[in-house]
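Subject: Handing over a structure, with notes on what was found

Dear colleague,

I am passing on a structure that you have not seen before, and I would be glad if you could look through it with the notes below beside you. Please open it first and then read on.

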Amino acid sequence: MFTCPRCKQPVNSQAATCPHCNNQLKAFGHPGMPLYQSTNEEALCDRCTYHLDDTCNFPQRPDAKSCTLFHDYSIPLVPEAIPASQKGWAEIKNWLYRHRGLVAIALLIFVSVILVWAR
Ligand code: SF4
Ligand SMILES: [Zn+2]
């Protein structure tokens with residue numbers, strides 16, 4: 001559940017406007033376009049990646065209280081890569097999942113051979 005930044009009431013995350021205070025929650029009324037809003041008197045720009053790297057050219061900078069492009073600088077723009085130590089195991093798991101039919105047949109043959117030899 002999403003909380004309205006103005007009235008702090010719980011709101012459906014797909015709602016374009018708040019049903020309690022009529023605050024606009026999505027840009028251009030489209031549910032797929034988030035509209036980031038400041039929850040206090042501080043501007044969003046103070047903690048925005050595009051303000052800190054000086055790439056924003058929106059006219060409302062540096063005092064934007066709502067913005068469609070805001071990105072919190074504490075969250076990486078690109079998700080961190082999987083560490084090399086975990087990458088090998090993840091690739092093996094993916095390979096086993098993609099070829100699970102062949103793996104099942106190979107295991108069946110292996111168990112059959114073991115049972116024949118055990119006689
Ligand atoms: S993208 Fe929006 S919040 Fe970020 S610096 Fe530009 S105007 Fe401010
Ligand atoms: Zn509201």
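To begin with one small spot, which residues does D63 touch, not counting residues up to four places away in sequence? D63 touches A43 and C45. D63 itself lies in the loop between α1 and β4, and it is exposed, because 11 other C-beta atoms lie within 10 Å, where 12 or fewer is the limit for that class. Across the fold, the C-alpha atoms of D63 and N12 are separated by 28 Å, although the two residues are 51 residues apart along the chain.

Before going further, please keep in mind that this is a predicted model, and that the values in this email are computed from it.

Overall layout

The protein has 3 helices and 4 strands, and, read from the N terminus, these elements follow the order β-β-β-α-β-α-α. The C-alpha trace spans about 80 × 35 × 20 Å along its principal axes. The radius of gyration is 26 Å, whereas a compact globule of 119 residues would have one near 14 Å. Buried residues account for 9% of the 119 residues. As for contacts between residues at least 6 apart in sequence, 20% of them join residues at least 24 apart.

The two helices at the end of the order

Helix α2 covers residues 84-98, and its 15 residues should span 21 Å at 1.5 Å a residue, which agrees with end C-alpha atoms that are 21 Å apart. The count of buried residues in α2 is 0, and the helix is hardly covered. Helix α3, residues 100-118, gives a similar check, since its 19 residues should span 27 Å at 1.5 Å a residue and its end C-alpha atoms are 27 Å apart. The number of buried residues in α3 is 0, so this helix lies largely in the open.

The ligand and the nonpolar core

Ligand 1 is surrounded by 13 residues, of which the closest are C45, C48, H51, C56 and C67. Sorted by class, this shell holds 10 nonpolar, 2 polar and 1 charged residues.

In soluble globular proteins, nonpolar side chains tend to be buried together. Here the largest nonpolar core has 6 residues in all, namely L44, C45, C48, A64, C67 and F70. C45, C48 and C67 therefore appear both in this core and among the residues closest to ligand 1. Leaving aside residues up to four places away in sequence, C67 touches Y36, L44, F58 and Q60. From C67 one can also look back along the chain to A15, which is 52 residues away in sequence and 17 Å away in space, C-alpha to C-alpha. A15 is found in the loop between β2 and β3, and it is partly exposed, because 14 other C-beta atoms lie within 10 Å.

Y50 in helix α1

Helix α1 includes Y50, which is partly exposed because it has 18 other C-beta atoms within 10 Å, while 20 or more would be needed to call a residue buried. Not counting residues up to four places away in sequence, Y50 touches T55, C56, L69 and H71. One of these partners, L69, is 19 residues from Y50 along the chain, and the C-alpha atoms of the two are separated by 8.6 Å.

Backbone points to check

Most residues other than glycine have a negative phi, and most peptide bonds are trans. With that in mind, three places deserve a look. The peptide bond from R61 to P62 is cis, with omega near 5°, and P62 sits in the loop between α1 (49-52) and β4 (66-67). N22 has a positive phi, near 65°, and is found in the loop between β2 (10-11) and β3 (36-37); N22 counts as exposed because it has 11 C-beta neighbours inside 10 Å. F28 also has a positive phi, near 55°, and lies in the loop between β2 and β3, where F28 counts as exposed with 10 C-beta neighbours inside 10 Å.

With best wishes

Note on methods. Residues are numbered from 1 along each chain as its sequence is written. Chains are lettered from A and ligands numbered from 1 in the order in which they are written. This is a predicted model: local features need pLDDT of at least 70, side-chain atom pairs count only at pLDDT 80 or more; totals for chains, interfaces and linings use all residues. A residue is near a molecule or strand if its C-beta atom, placed from the backbone, lies within 6 Å of it. Ala, Val, Leu, Ile, Met, Phe, Trp, Tyr, Cys and Pro count as nonpolar, Asp, Glu, Lys and Arg as charged, and the others, Gly among them, as polar. Helices (H or I, at least four residues) and strands (E, at least two) are DSSP runs, numbered from the N terminus. The radius of gyration is taken over C-alpha atoms; the globule rule is 2.2 Å times the number of residues to the power 0.38. Two residues are in contact if their C-beta atoms, placed from the backbone, lie within 7 Å. A nonpolar core is a set of buried Ala, Val, Leu, Ile, Met, Phe, Trp, Tyr and Cys residues joined through C-beta atoms within 7 Å. The expected span of a helix is 1.5 Å times one less than its number of residues.
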